[in-house]
Amino acid sequence: MNWVLDADIRGFFDNLSHEWTMKFIEHRVADQRILRLTRKWLKAGVSEDGQWSETKLGTPQGAVASPLIANVYLHYLFDLWADVWRKKVAKGDVIVVRYADDLVVGFQHRTEAERFLNEFRERLAKFGLELHPDKTRLIEFGRFAARDRKAREEGKPETFTFLGFTHYCGQRHKSGTFTVWRITAKKRMVAKLKAIKAELQRRMHDRMAEVGAWLRKVVLGYYQYHAVPGNTTQLRIFKLRVCRLWQSVLIRRSQRAQMRWERFTPVLNRWIPPPRVLHPYPDARFYATHPS
């Protein structure tokens, strides 16, 4: 892949058409009870500050059924269309990855990437949707991106963020071969640390063992998703900042202006686990699921 389309559909959950949603669902579902419940869900409205308002477009983002409805909607709007486009129009390789309304498309040729982008805009317009002009980007990316951009004196290849990870072009440390490295997106880490800080302040006067057991579960859960190859440095930074947050809360509780870090080390080592890679490299996972 030499070009990556990082696309963002503006206000997808807010502008999802109820009429098209029912048409897509009726294409595969004949049970009138399911269809009736889906219509009721779409027309349930929104209650804010005790005031109910009708919703003629969209589905509540974060609601239980919204991801399912979004997947059905984009399956017909995007998945099937992109598969046909790849087989009938594209001459080079095309890779499509979509999760809910987040999608990334890789292309071998720039001309095909630009054509796909224009036709995708037209496709969305038919359903009353549009791409976000500031968040949608077509970037040069791949094993030759660094070499080509250096020859044009354009600097390092751009990065893109997908599913909480920032992807960038890199090399393996031992062999020097090209690979795509993934690190935790800055916004994702900052948001998680803010949530942990607020909860630590709420639990300030709880027993240390209870707070430590809770914090251990939170950190392990964070590792389960973010502990991918190449992200160890970011995980160490995350652990260090969690330890600092807990230390500041304990100092505040003890009402002492200064306490040495060495005094907290045994407690932190007991409850905060060190980071380690929990996921294999993408090629290892691919060959495991596709032995041939």
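The legends below describe an overall view and several close-up views of one predicted model.

In this predicted model, local features need pLDDT of at least 70 and side-chain atom pairs count only at pLDDT 80 or more, whereas totals for chains, interfaces and linings use all residues. Residues are numbered from 1 along each chain as its sequence is written, and side-chain values use heavy atoms, with hydrogens and water left out.

**Figure 1. Overall view of the chain, with its 11 helices and nine strands.** Helices (H or I, at least four residues) and strands (E, at least two) are DSSP runs, numbered from the N terminus. The C-alpha trace spans about 65 × 60 × 40 Å along its principal axes. The radius of gyration of the chain is 24 Å, against a value near 19 Å for a compact globule of 292 residues; this radius is taken over C-alpha atoms, and the globule rule is 2.2 Å times the number of residues to the power 0.38. Buried residues make up 38% of the 292, where buried means under 20% relative accessible area, exposed over 50%, and partly exposed in between (1.4 Å probe, protein chains only). Of the contacts (heavy atoms within 4.5 Å) between residues at least 6 apart in sequence, 63% join residues at least 24 apart.

**Figure 2. Close-up of the loop between β4 (94–99) and β5 (102–107), which holds Asp101.** Asp101 is buried but has no salt bridge, a salt bridge being a side-chain nitrogen of Lys or Arg within 4 Å of a carboxyl oxygen of Asp or Glu. The nearest side chain of opposite charge is that of Arg98, 7.4 Å away; for charge, Lys and Arg count as positive and Asp and Glu as negative, and His and the chain ends are not counted. Beyond its neighbours within four places in sequence, Asp101 is in contact with Phe12, Phe13 and Leu74. Ala100 lies in the loop between β4 and β5 as well. The phi of Ala100 is near 55°, a positive value in a residue other than glycine. Ala100 is buried, at 16% relative accessible area.

**Figure 3. Close-up of Glu153, in the loop between α6 (145–151) and β7 (160–162).** Most residues other than glycine have a negative phi. Glu153 is not a glycine, yet its phi is positive, about 55°. With a relative accessibility of 74%, Glu153 is exposed.

**Figure 4. Close-up of two salt bridges, Glu19 with Lys23 and Arg86 with Asp83.** The closest N and O atoms of Glu19 and Lys23 are 3.6 Å apart. Glu19 and Lys23 are about one helical turn apart because they lie four residues from each other in helix α2 (residues 18–26). Glu19 is exposed at 53% relative accessible area, and Lys23 is partly exposed at 41%. For Arg86 and Asp83 the closest N and O atoms are 3.1 Å apart. Arg86 and Asp83 are three residues apart in helix α4 (residues 66–88), so about one helical turn separates them. Arg86 is partly exposed at 32% relative accessibility, as is Asp83 with a relative accessible area of 27%.

**Figure 5. Close-up of the salt bridge between Arg149 and Glu140.** The N to O distance between these side chains is 3.9 Å. Arg149 is buried at 11% relative accessibility, and Glu140 is buried at 7% relative accessible area. Salt bridges with shared partners link Glu140, Arg149, Arg152 and Glu154 in one network. The salt-bridge count comes to 18.
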